[in-house]
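This note is for a colleague who has not yet looked at the model. Please keep the sequence and the structure open while reading.

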Amino acid sequence: MGGCRVLGQAWGGWRRGLGIRATPTAAGFGTKARHQLQRRGASKPSDPPGDQPFPGLLRPETFSREELVDVLRAAVVDRKGPLVTLNKPQGLPVTGKPGELTLLSVLPELGRSLGLGEQELQVVRASGKEASGLVLLSSCPQTASRLQKFFTHSQRARRPTATYCAVTDGIPVTSEGKIQAALKLEHIDGVHLVVPVQSPSRKDIMEGVKRTLSHFRVVATGSGCALVQLQPLTVFPSQLQAHMALQLCPVLGDHTYSARVGTVLGQRFLLPVESTRPQRQVLDEALLGRLCLTPSQAARLPLHLHLHCLHLPGARPRDPPIELLAPLPSYFSRTLQCLGLHYQ
């Protein structure tokens, strides 16, 4: 509980430190974590020389518990008082079934490796499994509770607290706007998928359909793609991927919802949900050429969705919000360079 007593110092330190924008094209966690595993003598399968189109991409599903703790410790962006911020690798689930290797399952070992002793780390906010980016942890239950209430109140007031960076296959029609859609989860062919619902009834809402809302802003365009900032104003599984597919601009590396976008004579349109199933994203030859990828490599393209920024309340009521930042993964930065997209 000692961490709770220095909460004001912790947030004050963040206000002075991470409030200054970091360069988003830094290598991020990938290089440091990979080097740390190599120093430990880890022997994980790697691509043959000349076949590494996704630099810094880790494969959490191949790690042992010990190796995952090493990766997460190397991914810590900042520590202040009871708060720990890390840059989660793409593909690591936060929660899962009993016995599965997840972020939550290794929090006790991570806490001990960070010198927290018996203080338990709690997840306050985190990006989803397929996304990379910020995870906010707390070793103080009161701090975690206060921050979770802040996020809940902000959501009810439609105030964005999270900003994602995404690369999309396709360019939105407008440079900025809001995406509204009623969504529901359906169990299709053994998989939970997000499905849009047209004009939901009161009964639909009672049965789990949720009206969702996201804000988007196009930052840069090139080669038929866009770098987009996304701010979810509601919380729903795979909300951002589903929203961008509805805009006919699926997120690059979305091997689930991109199949809902069809193309005929260069014109895009939405395919009926009932007639589409998740499949590997299909990219045209020109885009594959710009990305320097073969079709087989494109089938392993990671989701280009990164939780880049979180806004927290100031240490005192009248203080401005605190901004936490996570650098883009190296493979994300490589894609921006290949497509001529510049993040400012």
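The points below cover salt bridges, a cavity, a pocket and some buried parts.

1. Basis. The model is predicted, so local features need pLDDT of at least 70 and side-chain atom pairs count only at pLDDT 80 or more, while totals for chains, interfaces and linings use all residues. Residues are numbered from 1 along each chain as its sequence is written, and side-chain values use heavy atoms, with hydrogens and water left out.

2. Salt bridges. The structure holds 6 salt bridges, each being a side-chain nitrogen of Lys or Arg within 4 Å of a carboxyl oxygen of Asp or Glu. One of them joins K80 to D78, with the closest N and O atoms 2.9 Å apart. D78 is buried at 16% relative accessibility, whereas K80 is partly exposed at 25%. Here buried means under 20% relative accessible area, exposed over 50%, and partly exposed in between (1.4 Å probe, protein chains only). Another pairs E186 with K184 at 2.8 Å, N to O; E186 has 26% relative accessibility and is partly exposed, and K184 is partly exposed at 28%.

3. A link between distant parts of the chain. D189 and R277 form a salt bridge at 2.8 Å, N to O. The two are 88 residues apart: D189 is in the loop between β6 (176–188) and β7 (191–197), and R277 is in the loop between β11 (267–270) and α9 (285–291). Helices (H or I, at least four residues) and strands (E, at least two) are DSSP runs, numbered from the N terminus. D189 is exposed at 63%, while R277 is partly exposed at 35%.

4. The cavity. There is 1 cavity of 30 Å³ or more, with a volume of about 60 Å³. On a 1 Å grid over the protein atoms alone, a cavity is a set of points where a 1.4 Å probe fits but cannot get out, and lining residues have an atom within 4 Å of a point. Grid points are joined across faces, edges and corners, and a volume is the space filled by probe spheres set on the points. The lining includes R260 and R277. By class it has 6 nonpolar, 2 polar and 2 charged residues; Ala, Val, Leu, Ile, Met, Phe, Trp, Tyr, Cys and Pro count as nonpolar, Asp, Glu, Lys and Arg as charged, and the others, Gly among them, as polar.

5. R260. Which side chain of opposite charge is nearest to R260? That side chain is E186, 7.7 Å away, and R260 is buried yet has no salt bridge. A polar atom of the R260 side chain lies 2.6 Å from the backbone oxygen of V194. R260 sits in the loop between α8 (239–246) and β10.

6. The second largest pocket. A pocket is an open set of points with protein on both sides within 12 Å along at least five of seven lines. The second largest has a volume of about 320 Å³ and 16 lining residues, with D169, V261, T263, V282 and L283 nearest its centre. Strand β10 (residues 261–264) gives the most to this lining, with 3 residues.

7. Buried helix residues. Helix α4 (residues 65–74) is largely enclosed by the rest of the structure because 7 of its 10 residues are buried. Among them are E67 and D70. In helix α11 (residues 330–339) lies L336, which is buried at 3%. The C-alpha atoms of L336 and L291 are 9.3 Å apart, with their positions 45 residues apart along the chain.

Terms used: Lys, Arg positive; Asp, Glu negative; His and termini not counted. Polar contact = N/O pair within 3.5 Å; in protein donor to acceptor, adjacent residues only side chain to side chain.
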